[in-house]
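Please find below some points on the internal cavities and on one helix pair, set out for checking against the coordinates.

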Amino acid sequence: MTTALAPWAATLSALTPELATALGPLLRRLDALIGEREFVAGAEGEPDGYGGLARSGRPEQLLPSEWLLAEEVPEEFLRRWSDNELLHLAPELNEPVSRGQVVALVDAGPAQAGAARLVQLAALLVLHRRAAAHGSELLVGVLGDPPGQLIGGDLAELLPRWLKARRHGDPTPEDVRYAERALDAAARTWLLTSPRLAAQLPARRRTVSSEEASWSADGVGQVRVRVNGEPAVELPLPPARIAVRTLRGAEFGNSADLSAPLPGIGGALPAFTTGASTLLARGRESSVLIALGLAGGGAVDGAARPRRHQLPGPVVAAGRQGGRLLVLYIHADRLTLHVSGRALGDPDRYKARTVDVDLPRTGSAEFAELMAQPVLPLVREGDDLLLPLAGQWRRIAPGGRVGTDGPVVSTEGGRPFCRAREPRLSATPVPRAAAEAEHLVHGAGSVGWSADGREWEVRGMNGSRRIVLGDGAAEVIGLVEDGTEPVLITRTTAAGLVRSVRADGVRTLTGLSGGSTAPAVHPRLPLIAAEPRPGRVVVAHAVSGRSHAVIRSTD
């Protein structure tokens, strides 16, 4: 790698050295173009000196060299002025830098195939490096995908997924607006697209458009790039040989095996399946259950260590009740009960056929999807066991008799199971108004509901409170208490920002944000377990975000 690319070493580590070197000229020029239009300061605030160069501004902000040009070569000065090429000092404003995620909305249609995809690659590298410098991260959304479905992670994981994205048709302005409506209001969103779509969005900032500019005997030699609709600049492409290899995915030297499971704790987030202070997760193998006991305040119990339970088959549901840990696992086409702790009679009396509870066939895609979700709750009611499967609460009576006991409300519409949205698991009776509302959440002895997902009424032992969520698409994933005040725990559907929202304020829990799945909120205590980075689970206070424990991906 050349000396000029040394500052890019961390970013370019996801590429082969040959591609990193060949992409260097395009990368540096594009970084300069984006940097001229993406100032560190905001658009409002108190003046605080100058923070770079710009191609627009007041006359007194012109560089001295431009005034010299006006005196010596006035015709060239006028030409540069008419083409917006004169350089001005860009004012710096005393305003905090936004640390929200950087989101790149990419056009994967036919108009952006080939050379334009190489420009997108360079733009993603530039944006990733700039986001990391500000303590943020880069997320990628493909226009035409469901809103909020974003690609994140390290570049070694992100780039192969971006490259595989292909769409048969070119996106429209409505696709852009549809995607942006699902993003967090604090996100800085860039659009990487064709000149045709960019021209249909003339007022939009943070837009990079590209198209072929010149050809040689080997193929496209240069591309024409516009940033924010300003005059086009022609930039060089890597040689045809390496460009073709890149578009085939052969130049991502450190690409991760995206199908490989995480070591230690499995791909599913740990869960609080009952009101006990125990965090449960599958291990690297689905037949392993890991249980971590937490003290009342949420810290790791000094007398407890993560316990590893090896079962004869995949773990489906589990829950700690009293002095027992109850686990349902699959063995020989039967759901079988395992009891750790105080005895519970003969566990074999709860054996039930998997077909009777509508469990997917082992080895099927549906079964793999089930194993990728957190461990389901297992509830003991009288002598019966209850668990939510296939949209129904399944009741297993002694002798293995199976019946249904009502719908699983939280999974309606294909959503993943969420204990905090399941009326049956509420510790207090659910008011009629809440049961009939579109949105419901419960926890810490309180119940909250909303008709539109934005204005919430929360009712508990300390009376009622009204909590209004801010703008931006966010789902409520839990309800806890801070003293006597109810607090909603929310997560934005796009950027994955986790927040604690009270009636009198909002706090963003940065250390718990950015994960690919929603965190688990304890149903009784102000505890939350999140996986902000793969293989690293953080257990923290759900209101302040103060970390209590970090669980790494080992058994």
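1. In this predicted model, the largest cavity holds about 80 Å³ of space, and the count of cavities of 30 Å³ or more comes to three. The lining of the largest cavity is made up of 13 residues, among which L105, G141, V142, P146 and A179 lie nearest its centre. Sorted by class, that lining comprises eight nonpolar, four polar and one charged residues.

2. The second largest cavity encloses about 60 Å³, and the residues that line it include S446, V458, R459, G460, M461, N462, G463 and R465, together with E481, T484 and P486. Strand 24 (455–460) and strand 25 (463–468) are the elements that give two or more residues to this lining, and strand 24 provides the largest share, three residues. By class, the lining of the second largest cavity has three nonpolar, five polar and three charged residues.

3. Turning to the helix pair, the axes of helix 3 (residues 64–72) and helix 4 (residues 74–82) come within 5 Å and cross at roughly 130 degrees. Helix 3 is therefore oblique to helix 4, since an angle over 115 degrees that is not over 145 falls in neither the perpendicular nor the antiparallel range.

4. On the side of helix 3, the contact is made by E66, L69, A70, E71 and E72, while helix 4 contributes P74, E76, F77 and R80. The residues of this contact between helix 3 and helix 4 divide into four nonpolar and five charged, with no polar residue.

Conventions. Residues numbered from 1 in each chain as written. Predicted model: local features only at pLDDT ≥ 70, side-chain atom pairs only at ≥ 80, totals over all residues. Heavy atoms only, no water. Axes fitted to C-alpha atoms, helices over the stretch in contact; angles between N-to-C directions. Helix = DSSP H or I, 4+ residues; strand = E, 2+ residues; numbered from the N terminus. Parallel < 35°, antiparallel > 145°, perpendicular 65-115°, else oblique. Contact = heavy atoms within 4.5 Å. Nonpolar A, V, L, I, M, F, W, Y, C, P; charged D, E, K, R; others polar. 1 Å grid on protein atoms, 1.4 Å probe; cavity = no way out; pocket = protein on both sides within 12 Å on 5 of 7 lines; lining within 4 Å. Points joined across faces, edges and corners; volume = space filled by probe spheres on them.
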